[in-house]
Amino acid sequence: MTKDLPTITIDGRTHEGGGQILRLAAGLSAITGKAITITNIRAGRVPTGLRGSHVEAIKCLEVISSSEAQGVELGSESVVFHPACPAPLSSPSSTTFTSSKPTKSKKPTKVKRKFLPRKNCVKSPSTNPETPVVIGRKPVGANGSSTNLQQITITQKTNGASFLIFQAIYPYLLARARHPISVRIIGGTNTRSAPSLDYVEQVLLPNFAQFGLPPVSVNLRKRGWDTGLFDLGEVTVDVQPLPRVVDDSSDNDSDNDAHGETPLRPVFPEIDLNRYGRGRIKSIQITILAPDGPVLRNAVDGPGFNPDVENMPPRSHIHADKVYTAREYLEYQTYLQIRKRLLLLPNDLFVGSSDIDGGANGFAMGIVTMDTCKSERTYHPSHMYVLVVAEMDNGFRIGVDGTGSGTRLGSTRHTHDTAHVRMGIAKELAETCILDFVDEISMARFDLGGRKPCVDQNMRDQMVVFEALSPAPSSRSLSCVGVEDPRYWSSHTRTAKWVCEKILGSEPE
């Protein structure tokens, strides 16, 4: 590993103290070519240190950027990441890569504070089935022909959050890849405290497109949950890189590119969240994932349950002898909670609201529609999930989701999966999710006013890195808040802003 490269030291205890610091810092290091040392990794979590998904994310960045990393192992609390010179992910003629370490070669050639990629990183396909990161060609078409579309395969041994790994490598792929990339991740698609497949597909990626980032498509092969029986999921994400232009700022006129080509730089769209208001809700889309085990029979002498007005079956489901499933009951409870709580919200949150004081809001008047866009069966009582998405009149989407807790099933063998348990999980999930949704779309949290961002709280911290890399003037000063009230920023957003400022602002541009 190169010894004379100046490094930026990042304390992992800062702000939220989780894995976000590691993922974001390593990605920016690979993009900018600035070496980093991260200490006290995940000091704010139990247990501390690297978990499996963090290891795979850093190993993937190490491979695709031809960088070198130390300390990348389970439980490690310190990582050193030495990036190569910012360069394309690969040339069209390159072969398959693996995550195995290359043989030692001579020290990289130093070119005015930049370091060239190691030229011995091209290797034959791995014969080890447990290789965590493999890069190769993706066959397409019936004849099995291949194109410039490359595929990165990341294999986790646990149901670690797949989209947190994607979060780590996505900015690098946008900035440095020269051809479309297909990222195949094996692990968790619906895990607690992490972006779910459905949130990414229905909220994150449409909002990215609204800000001008290239289109991204998601293909689910199998869901992976972090509750219930262990079963790895699999998802593929196809990424289009940013357009590139000749890098006029290059200070080396000859062979500054490791592949002997004219150096190019990515063109990030101008992203400034202060340009966008919050918008008003024009429609609501709901996603329901739950098992089809029975929870309720429409009779007083049902399985120990005496239905009342609040717990009657949903809409057209009222039939005397019908057995209702957990999925139907979860959908009903979600609709019930939305209707009960959104009717009380201020008029100006919805399109079509009456301008007369005391008039009905657009939701109560039926102008704001509400539909189930996806209802999917799962096969374990703890595999319940709700996503509520508000489509805004400014083109953005506000999303809040929740995953059913498996704690109601108990930690002992004496607690069984019963109709009452499934009902309890479904009702608690719907109530919690809709309360969070109402809090997200409501504007009145602080007495002194202020404006929420144009995206939801979970989406807001995802945009920080693109604001920082954007040429927009207001994004250059990360301390500029404009008309966006920073009191609405989560600890993750503040952490992301701190990391970007630490790396991008560490030396003059």
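Me: In this predicted model, the axes of H1 and helix H3 (residues 162-176) come within 9 Å and cross at roughly 15 degrees. Why is H1 called roughly parallel to H3?

Reply: The cut-off for roughly parallel is an angle under 35 degrees. The H1 and H3 axes cross at roughly 15 degrees. That value falls under the cut-off, so H1 counts as roughly parallel to H3. The crossing is right-handed.

Me: Which residues of H1 and H3 make the contact?

Reply: H1 supplies Arg23, Gly27, Ala30 and Ile31. H3 supplies Leu164, Gln167, Ala168, Pro171, Tyr172, Ala175 and Arg176.

Me: How do those residues of the H1 and H3 contact divide by class?

Reply: Seven are nonpolar, two polar and two charged. Arg counts as charged, so Arg23 and Arg176 are the charged pair. Gly is classed as polar, so Gly27 joins Gln167 in the polar group.

Me: H1 also packs against helix H10 (residues 491-504), at an angle of about 30 degrees and with the axes 10 Å apart. What makes H1 roughly parallel to H10?

Reply: The test is again an angle under 35 degrees. About 30 degrees passes it, so H1 is roughly parallel to H10. H1 passes H10 in a right-handed crossing.

Me: Which residues meet where H1 contacts H10, and how many are charged?

Reply: From H1 come Gln20, Ile21, Leu24, Ala25, Leu28 and Thr32. From H10 come His492, Thr495, Ala496, Val499, Cys500, Ile503 and Leu504. The split is nine nonpolar, four polar and no charged. His492 counts as polar here, because the charged class holds Asp, Glu, Lys and Arg.

Me: Where is Lys34, and why does Lys34 count as buried?

Reply: Lys34 is found in the loop between helix H1 (19-32) and strand E2 (35-39). Its relative accessibility is 13%. Buried means under 20%, so Lys34 qualifies.

Me: What does the side chain of Lys34 reach, and how do you know that this is a polar contact?

Reply: The side chain of Lys34 reaches the backbone oxygen of Ile503 at 2.9 Å. A polar contact needs N or O atoms within 3.5 Å. At 2.9 Å the pair meets that limit, so it is a polar contact. Ile503 is also one of the H10 residues in the contact with H1.

Me: Ser66 and Ser193 are in loops. Buried or exposed: how is Ser66 classed, and how is Ser193?

Reply: Ser66 has a relative accessible area of 11%, under the 20% cut-off, so Ser66 is buried. Ser193 is at 81%, over the 50% cut-off, so Ser193 is exposed. Ser66 lies between H2 and strand E3 (68-70). Ser193 lies between strand E10 (181-187) and helix H4 (197-210).

Me: What is phi at Ser66 and at Ser193?

Reply: Phi of Ser66 is near 55 degrees, a positive value in a residue other than glycine. Phi of Ser193 is positive as well, near 60 degrees.

Me: What makes Arg51 partly exposed?

Reply: Its relative accessible area is 41%. That sits between the 20% and 50% limits, so Arg51 is partly exposed. Arg51 is found in the loop between E2 and helix H2 (52-64). Leaving aside neighbours within four places in sequence, Arg51 is in contact with Arg42 and Leu74. Its C-alpha is 6.5 Å from that of Gly75, 24 residues apart in sequence.

Me: Which peptide bond is cis in the loop between E2 and H2?

Reply: The bond from Val46 to Pro47 is cis, with omega near -5 degrees. Pro47 is found in that loop.

Me: How do helix H5 (residues 326-342) and helix H6 (residues 419-441) cross?

Reply: Their axes come within 9 Å and cross at roughly 35 degrees. The crossing is right-handed. By class, the contact has 14 nonpolar, three polar and four charged residues. Glu and Lys count as charged, so Glu431 and Lys427 of H6 are among the charged four.

Key
Residues are numbered from 1 along each chain as its sequence is written. This is a predicted model: local features need pLDDT of at least 70, side-chain atom pairs count only at pLDDT 80 or more; totals for chains, interfaces and linings use all residues. Side-chain values use heavy atoms; hydrogens and water are left out. Helices (H or I, at least four residues) and strands (E, at least two) are DSSP runs, numbered from the N terminus. Buried means under 20% relative accessible area, exposed over 50%, partly exposed in between (1.4 Å probe, protein chains only). A polar contact is a pair of N or O atoms within 3.5 Å; within protein, one must be able to donate a hydrogen and the other to accept it, and residues adjacent in sequence count only if both atoms are side-chain atoms. Axes are lines fitted to C-alpha atoms, for helices over the stretch in contact, and angles run from 0 to 180 degrees between N-to-C directions. Angles under 35 degrees count as roughly parallel, over 145 as roughly antiparallel, 65 to 115 as roughly perpendicular and the rest as oblique. A crossing is left-handed if the near helix is turned anticlockwise from the far one by less than a right angle, and right-handed if clockwise. Contact means heavy atoms within 4.5 Å.
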